[in-house]
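This report is meant for someone meeting the structure for the first time. Please look over the sequence and the 3D view before reading on.

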Amino acid sequence: MATVLPAVFTERMALFGGLLAAFGEIHPFCDHWAQGSTTAKCKRLYGTHQVYRDGVAVGEEKGDRSGEPTMTASARGRLAVAVHVASYIAIQTGAAVALTRSFGYRVPASALLAGAAVNGLTHAAIDRGAAFLWLVDKAKKSGYVEHCQAVRLGEDGPYSEINGPGTAWIELDAALHRIIGVGAAAVTTWLTTRKRGHKAAL
């Protein structure tokens, strides 16, 4: 005898799938197309030394840059992460709204905000670098990150880089963001349908 699934279960699974696509599949676009090169370069800067907006340290510039604004490296790093996360959340949330509404479904703003908070706050913490490296160390993945670096071509010849495309760092980074996206989709789905689920249980 065939089992008839409750309507609320079907609704939840459909919504979860749509949100998961919006959060997970759009993540690479946000990181590699929407994020600017200067933002990517500066978001892991730390220190009290002064840098220009492009991340070049004062004293290491080529040419006269007098009059250009500077800030501490840590402040520039925090600003870069804030800019990246703002665009990341705007694109992801916009995609979630467009996707669900195109199928005639309206997700409450409060539920969307919760999902955006889960994605945004964790994305900021991971991309800033310190929390990511702490987690890498606790998970005993430091050897993986150190071993799988990438060779870049610079003005002075080839050099190795521990993060960026082609490294273990970016693979672990992407994996974290995507599994967190699963949680964000689940939270958003539950907040959207919890009242209907309670009524169905009664």
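What follows goes from the chain as a whole to a handful of individual residues.

## The chain as a whole

The structure shown is a predicted model, and its confidence is therefore a natural place to begin, since pLDDT is the predictor's confidence in each residue, from 0 to 100. The protein chain averages a pLDDT of 93, and 94% of the residues score at least 70. Over residues 198-202, however, the pLDDT is below 50, and beyond near neighbours in sequence this stretch has one contact in the model. Where pLDDT is low, the predicted coordinates should not be read in detail.

The protein chain contains eight helices and four strands, and, read along the sequence, these elements follow the pattern α-α-α-β-β-α-α-α-α-β-β-α. With a radius of gyration of 21 Å, well over the 17 Å that the globule rule gives for 202 residues, the protein chain is more spread out than a compact globule. The C-alpha trace spans about 75 × 40 × 25 Å along its principal axes.

Of the 202 residues in the protein chain, 35% are buried. The accessible surface comes to about 11900 Å², and carbon and sulfur atoms account for 64% of that surface. When contacts between residues at least 6 apart in sequence are considered, 67% of them join residues at least 24 apart. As for charge, the protein chain carries 21 positive and 16 negative side chains, and the centres of these two sets lie 15 Å apart.

## Residues in helix 4 and the loops beside it

Helix 4 covers residues 73-102, and S74 lies within it. Is S74 buried or exposed? Its relative accessibility is 16%, and because buried means under 20% relative accessible area, S74 counts as buried. Leaving aside neighbours within four places in sequence, S74 is in contact with L45, Y46, G47 and R128.

A82 is also found in helix 4, but A82 is partly exposed, with a relative accessible area of 46%. K62, by contrast, belongs to the loop between strand 1 (50-52) and strand 2 (70-72), and K62 is exposed, with a relative accessible area of 70%. R106 sits in the loop between helix 4 and helix 5 (109-128), where R106 is exposed with a relative accessible area of 59%.

## Residues further along the sequence

K140 is placed in the loop between helix 6 (130-138) and helix 7 (142-147), and at 75% relative accessibility K140 counts as exposed. The backbone at this position deserves a look: most residues other than glycine have a negative phi. K140 has a positive phi of about 60° although it is not a glycine.

G183 is found in helix 8, which runs over residues 168-201. At 32% relative accessibility, G183 counts as partly exposed.

## Separation in sequence and in space

Several of the residues described above can also be paired with another residue of the chain, with the separation given both along the sequence and between C-alpha atoms. The table sets these pairs side by side.

| Pair | Separation in sequence | C-alpha to C-alpha distance |
|---|---|---|
| R106 and T192 | 86 residues | 9.1 Å |
| G183 and F16 | 167 residues | 10.0 Å |
| K62 and V83 | 21 residues | 26 Å |
| A82 and E146 | 64 residues | 27 Å |

In the pair that starts from the loop after helix 4, R106 and T192 are 86 residues apart in sequence while their C-alpha atoms are 9.1 Å apart in space. For G183 in helix 8, the partner is F16, at 167 residues in sequence and 10.0 Å in space. The C-alpha atoms of K62 and V83 are separated by 26 Å, with their places 21 residues apart along the chain, and those of A82 and E146, 64 residues apart along the chain, are separated by 27 Å.

Terms used
Residues are numbered from 1 along each chain as its sequence is written. This is a predicted model: local features need pLDDT of at least 70, side-chain atom pairs count only at pLDDT 80 or more; totals for chains, interfaces and linings use all residues. Side-chain values use heavy atoms; hydrogens and water are left out. Helices (H or I, at least four residues) and strands (E, at least two) are DSSP runs, numbered from the N terminus. The radius of gyration is taken over C-alpha atoms; the globule rule is 2.2 Å times the number of residues to the power 0.38. Buried means under 20% relative accessible area, exposed over 50%, partly exposed in between (1.4 Å probe, protein chains only). Contact means heavy atoms within 4.5 Å. Accessible areas come from the Shrake-Rupley method with a 1.4 Å probe; for residues, only the protein chains shown count as cover. Lys and Arg count as positive and Asp and Glu as negative; His and the chain ends are not counted. The place of a charge is taken as NZ of Lys, CZ of Arg, CG of Asp or CD of Glu.
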